[in-house]
Amino acid sequence: MSVTHSPETHAQLIARIPTVTGRELSEWFDTLEQGPGLSRCLERSNWLADEYNLSHGYAQAIVQEYDRRRRNRSFVPRQRP
């Protein structure tokens, strides 16, 4: 079951993650990058929740924030020699 949080709820979840989990968001992003390579958001959220005993709300917020930041990375075109 996938639940999409409002932008306000998502921002509140993201702000609380270091306090609630004891780990910074960047550490969770590293965990996702080193994880089992699941492609779907729901699969990664379930894996994160099950593996690290997180609530599904926090796990989903971490995965969505990770995906959002990856999408927003600016593309730098390669320089031609």
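# Chatting through a four-helix chain

User: Let's jump in with H1 and H4. At what angle do they pack, and how far apart are their axes?
Analyst: H1 and H4 pack at an angle of about 110°, and their axes are 10 Å or less apart, namely 9 Å. Keep in mind that this is a predicted model.

User: So how are H1 and H4 oriented to each other?
Analyst: Roughly perpendicular. Angles from 65 to 115 degrees get that label, so about 110° for H1 and H4 falls inside it.

User: Which residues meet there?
Analyst: On the H1 side you'll find His 10, Leu 13, Ile 14, Arg 16, Ile 17 and Val 20. They meet Gly 57, Tyr 58, Ala 61, Ile 62, Gln 64 and Glu 65 in H4. That contact divides into 7 nonpolar, 3 polar and 2 charged residues.

User: Let me step back. How many helices and strands does the chain have?
Analyst: There are 4 helices and 0 strands. Reading from the N terminus, the order is α-α-α-α.

User: And how much of the chain counts as buried?
Analyst: 31% of its 81 residues. As for contacts between residues at least 6 apart in sequence, 50% of them join residues at least 24 apart.

User: Back to H4. What angle does H2 make with H4?
Analyst: About 85°, with the axes 10 Å apart. H2 and H4 are therefore roughly perpendicular to each other.

User: Who makes that contact?
Analyst: From H2 it's Leu 25, Trp 28, Phe 29, Leu 32 and Glu 33. From H4 it's Ile 62, Val 63, Glu 65, Tyr 66 and Arg 69. The split for H2 with H4 is 7 nonpolar, no polar and 3 charged.

User: What about H3 and H4, at what angle do they cross?
Analyst: Roughly 130°, and the axes of H3 (residues 41–52) and H4 (residues 56–72) come within 8 Å. H3 and H4 are oblique to each other, because roughly 130° lies over the 115 limit for perpendicular but not over the 145 needed for antiparallel.

User: Is that crossing left-handed or right-handed?
Analyst: The crossing of H3 and H4 is right-handed. Residues making the contact include Cys 41, Arg 44 and Leu 48 of H3, and His 56, Ile 62 and Tyr 66 of H4. The H3 with H4 contact divides into 7 nonpolar, 5 polar and 3 charged residues.

User: Changing topic: where is Thr 31 found?
Analyst: Thr 31 is in helix H2, which covers residues 25–33.

User: Buried or exposed?
Analyst: Buried, since Thr 31 has 8% relative accessibility and the cut-off is under 20%. Apart from neighbours within four places in sequence, Thr 31 is in contact with Arg 23, Trp 47, Leu 48 and Tyr 52.

User: What's the story with the phi of Asn 53?
Analyst: Asn 53 has a positive phi of about 55°, although it is not a glycine. Most residues other than glycine have a negative phi.

User: Where is Asn 53 found?
Analyst: In the loop between H3 and H4. Asn 53 counts as exposed, at 71% relative accessibility.

User: Last one: what does the side chain of Ser 6 join up with?
Analyst: The side chain of Thr 9, through a polar contact of 3.0 Å. Ser 6 is in the segment before helix H1 (7–21). Ser 6 is partly exposed, with a relative accessible area of 31%.

Key:
Residues are numbered from 1 along each chain as its sequence is written. This is a predicted model: local features need pLDDT of at least 70, side-chain atom pairs count only at pLDDT 80 or more; totals for chains, interfaces and linings use all residues. Side-chain values use heavy atoms; hydrogens and water are left out. Helices (H or I, at least four residues) and strands (E, at least two) are DSSP runs, numbered from the N terminus. Buried means under 20% relative accessible area, exposed over 50%, partly exposed in between (1.4 Å probe, protein chains only). A polar contact is a pair of N or O atoms within 3.5 Å; within protein, one must be able to donate a hydrogen and the other to accept it, and residues adjacent in sequence count only if both atoms are side-chain atoms. Axes are lines fitted to C-alpha atoms, for helices over the stretch in contact, and angles run from 0 to 180 degrees between N-to-C directions. Angles under 35 degrees count as roughly parallel, over 145 as roughly antiparallel, 65 to 115 as roughly perpendicular and the rest as oblique. A crossing is left-handed if the near helix is turned anticlockwise from the far one by less than a right angle, and right-handed if clockwise. Contact means heavy atoms within 4.5 Å. Ala, Val, Leu, Ile, Met, Phe, Trp, Tyr, Cys and Pro count as nonpolar, Asp, Glu, Lys and Arg as charged, and the others, Gly among them, as polar.
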